[in-house]
Amino acid sequence: MRREIPLFITAITGVVFIIAYFIPHPPFNQIQDLFQTWFQIIAAFAIILGVLNLMVVNGDKVYRRSKGWGYSVIIILSFLVMAGIGTFKLGSKASPLEEGTPFMYLFYNVYYPLTSTVFALLAFFVASASFRAFRARNKEAALLLTAAFFVMLGRVPIGDYLTSWIPLKWLHLSTIANWIMAYPNMAAQRAIMIGIALGIISTSLRLILGIERSYLGGD
Amino acid sequence: MDTRFWTKEKCKWRRKVLPLTAFIILLALWGTIRAQSPVDTLPPSPPTEVTAFDTPNDAGKNITINWKLSTDDGAGRNIVKGYDILRSESQEGKFEVVGSVVAGISTFQDDKVKNRRNYFYKVRAKDHTSSDSPTVGPVQASGQWYHKGKTVVLIFVVIFTALVIYFVESAKKGKKLYVRPIPGMDAVDEAVGRATEMGRPILYILGLSTISDVATIASLTILGRVAKKVAEFQSKLLVPCYNPIVMTVAQEVVKNAYLDAGRPDSYDESNIWFLSSSQFAYAAGVNGIMLREKTATNFYLGMFYAESLILAETGNIAGSIQIAGTDAVTQLPFFITSCDYTLIGEEFYAASAYLSREPKLLGSIKAQDWGKAGLIALIILGGFFASFHFDTFINLFTVGH
């Protein structure tokens with residue numbers, strides 16, 4: 001029964017959703033909204049679960065002085081400070097989300113710069129990844145390098161400046177870059193997307209028909 | 001320099017220019033006054049060919065009204081400012097305005113009606129004065145039990161489901177099915193084995209989406225199979241989660257996999273934990289885990305956004321074997337660049353079935369291949385017919401909303 005009940009719920013829900021897609025008449029047109037509401041309620045309770053898990057796992061690390069326990073102390077303290085200031089509206093009259101409150105001060109001056117810093121790392125990682133990807137080690141890599149050369153140069157003003165003297169417009173770097181993006185790139189993206197759509201349908205059918213049971217344990 | 005306005009030399013040309021300027025200003029003033037003055041007190045011609053009908057393929061309580069624009073809208077005297085839509089429950093009854101549209105628009109949906117009740121409509125062309133179209137009706141609103149615009153989707157779903165069932169049944173009967181090798185999934189055993197030999201943990205990232213995303217569900221099914229191998233190899237699996245619901249499901253999946261492998265004692269719930277629901281805080285946290293724990297193998301399977309390269313490059317720097325799979329088309333190039341193996345789109349969805357090597361699951365992959373073959377044939381046909389402007393064929397595949 002431990003496996004049969006979840007399989008039954010999955011199958012019934014899946015079939016109802018498929019039917020609802022083709023029936024605009026009530027109550028079928030309200031099913032998606034209804035499930036969305038249920039999902040939001042569950043998600044709200046799941047946040048409590050997430051917070052508890054975060055505290056238990058990190059509290060245990062601190063208690064046991066596990067490797068990197070200092071980071072856990074920072075996590076717990078950061079959480080308690082932000083949650084405390086927000087929940088008890090410390091330093092704010094109405095809402096802690098108003099401008100000028102301690103909560104928003106921490107958000108703008110601690111959280112925001114920290115996330116921006118991690119995001120900014122992307123620039124360096126793009127550089128290192130590009131360096132590896134654009135080495136012409138084989139035919140495919142050489143093709144990638146050539147396409148990247150045209151697209152990158154064609155997307156900046158200097159690309160057009162370099163080739164604007166050519167009377168044939170289709171030889172301008174910006175035209176070549178646009179052509180690469182609009183045709184070979186778009187065609188490849190659409191091919192991948194069609195494959196993804198079929199994959200999603202196939203996975204959904206496997207779950208609805210009860211063929212795929214790995215998420216319940218066993219084959 | 002002489003700065004006086006009326007010097008003898010300057011007077012000569014200013015006498016010519018000033019009257020001309022004054023004339024132009026007067027002309028402009030006259031034009032403005034003329035434009036503002038009412039020149040036409042006649043009402044605009046009324047809208048014609050008004051039709052009112054129950055909005056098709058909807059849940060009901062909605063009537064569509066279409067009309068042909070007044071001849072004074074965009075043409076003729078071009079004086080129409082907009083249209084009022086008037087409704088009454090009887091032909092001779094009191095008509096009330098239920099909506100308005102600007103000039104140039106010739107359709108309106110009245111969503112404030114009740115089902116199965118007679119309504120009559122008129123459309124009024126407005127200027128300073130107005131003129132009404134003839135009354136149309138009665139018309140009733142009702143909900144439909146089938147969306148006719150989605151017939152093509154229904155046909156496709158039926159065909160594809162039939163293909164899946166056919167291949168699954170064939171596989172059950174022992175028919176051998178060839179499935180193209182997926183190098184990324186072939187490397188799972190090697191990756192788990194390597195982690196065991198090195199005595200280092202395996203990191204599994206489920207992506208940054210919620211449980212309602214199919215990519216997350218597909219990733220969870222792969223997690224079940226990977227966790228089983230990890231349990232068999234007696235290695236350590238770390239699953240930091242972005243979403244609390246995904247975390248609880250992942251805990252169940254891994255627990256079941258350990259049970260299935262006969263190693264329930266090795267399961268440690270604290271290895272599947274909630275890290276953060278903030279995108280870059282999560283990325284920073286995972287990067288820290290990779291560098292501190294020196295993970296032997298990293299799996300990135302699910303939905304990813306801008307953090308994909310931050311994670312994959314850090315894993316690359318840490319020297320881990322990396323296997324990625326996603327349906328986020330924009331993130332695929334980053335994974336291809338930084339990971340050892342990347343499951344592109346459909347491969348990601350086929351991975352769980354591929355890992356299981358179970359015939360009935362492989363049957364669904366075979367159906368996927370046949371579905372793709374069918375779509376390729378349709379695309380070629382569509383390209384051919386579109387080249388000759390044979391739109392009927394292309395319109396067959398238009399899905400209504």
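Two residues are taken to be in contact if their C-beta atoms, placed from the backbone, lie within 7 Å. With that in mind, begin the tour of this predicted model by selecting chain A, where residues 24 or more positions apart account for 25% of the contacts with a separation of 6 or more.

**Stop 1: chain A as a whole**

Colour chain A by secondary structure, and you should find seven helices and zero strands, so that the pattern read along the sequence is α-α-α-α-α-α-α. The radius of gyration of chain A is 27 Å, well over the 17 Å that the globule rule gives for 219 residues, so chain A is more spread out than a compact globule. If you turn chain A along its principal axes, the C-alpha trace spans about 70 × 50 × 40 Å. Buried residues make up 17% of the 219 residues in this chain.

**Stop 2: a cis bond in chain A**

Now select Pro26(A) and Pro27(A), which are joined by a cis peptide bond with an omega of about 5°. Pro27(A) belongs to the loop that runs between α1 (4-22) and α2 of chain A. As background for this stop and for some later ones, most residues other than glycine have a negative phi, and most peptide bonds are trans.

**Stop 3: chain B as a whole**

Hide chain A for a moment and show chain B, whose secondary structure comes to 11 helices and 14 strands. The radius of gyration of chain B is 35 Å, while a compact globule of 401 residues would have one near 21 Å. Along the principal axes, the C-alpha atoms of chain B fill a box of roughly 100 × 80 × 45 Å. Of the 401 residues in chain B, 42% count as buried, and residues 24 or more positions apart account for 69% of its contacts with a separation of 6 or more.

**Stop 4: where the two chains touch**

Bring chain A back and select the residues at the contact between the chains, which takes 54 residues from chain A and 67 residues from chain B. On the side of chain A that touches chain B, the elements giving two or more residues are α2 (31-64), α4 (102-133) and α7 (173-208) of chain A. Which of the elements gives the largest share of that side? The answer is α7(A), with 15 residues. Sorted by class, the side of chain A that touches chain B has 32 nonpolar, 16 polar and six charged residues.

**Stop 5: a pair of helices across the contact**

Keep α7(A) selected and add helix α4 (residues 214-233) of chain B; the axes of the two helices come within 10 Å and cross at roughly 60°. That angle makes α7(A) oblique to α4(B), because it falls outside the ranges for roughly parallel (under 35 degrees), roughly perpendicular (65 to 115) and roughly antiparallel (over 145). The crossing in which α7(A) passes α4(B) is left-handed. Showing side chains here, you can pick out Ile200(A), Thr203(A) and Ser204(A) in α7(A), which meet Val214(B), Ile217(B) and Ala218(B) in α4(B). By class, this contact has four nonpolar, two polar and no charged residues.

**Stop 6: after α4(B)**

Move on to Gln234(B), which sits in the loop between α4 and β10 (237-241) of chain B. The phi of Gln234(B) is near 60°, a positive value in a residue other than glycine. Is Gln234(B) buried or exposed? With 10 C-beta neighbours inside 10 Å, Gln234(B) counts as exposed.

**Stop 7: two strands of chain B**

Select Glu49(B) in strand β1 (residues 48-54) of chain B, where phi is near 50° and again positive in a residue other than glycine. Glu49(B) is exposed, with 12 other C-beta atoms within 10 Å. Then go to strand β8 (residues 136-139) of chain B, which holds Pro138(B); the peptide bond from Gly137(B) to Pro138(B) is cis, with omega near 5°.

**Stop 8: a covered helix**

Finish at helix α9 (residues 346-356) of chain B, which is mostly covered, with 11 of its 11 residues buried. Among the buried residues of α9(B) are Glu346(B), Glu347(B), Phe348(B), Tyr349(B), Tyr354(B) and Leu355(B). Just after α9(B), select Arg357(B), which takes a positive phi of about 60°.

Notes: Residues are numbered from 1 along each chain as its sequence is written. Chains are lettered from A and ligands numbered from 1 in the order in which they are written. Helices (H or I, at least four residues) and strands (E, at least two) are DSSP runs, numbered from the N terminus. The radius of gyration is taken over C-alpha atoms; the globule rule is 2.2 Å times the number of residues to the power 0.38. A residue is buried if 20 or more other C-beta atoms lie within 10 Å of its own, exposed if 12 or fewer, and partly exposed in between; C-beta atoms are placed from the backbone. Ala, Val, Leu, Ile, Met, Phe, Trp, Tyr, Cys and Pro count as nonpolar, Asp, Glu, Lys and Arg as charged, and the others, Gly among them, as polar. Axes are lines fitted to C-alpha atoms, for helices over the stretch in contact, and angles run from 0 to 180 degrees between N-to-C directions. A crossing is left-handed if the near helix is turned anticlockwise from the far one by less than a right angle, and right-handed if clockwise.
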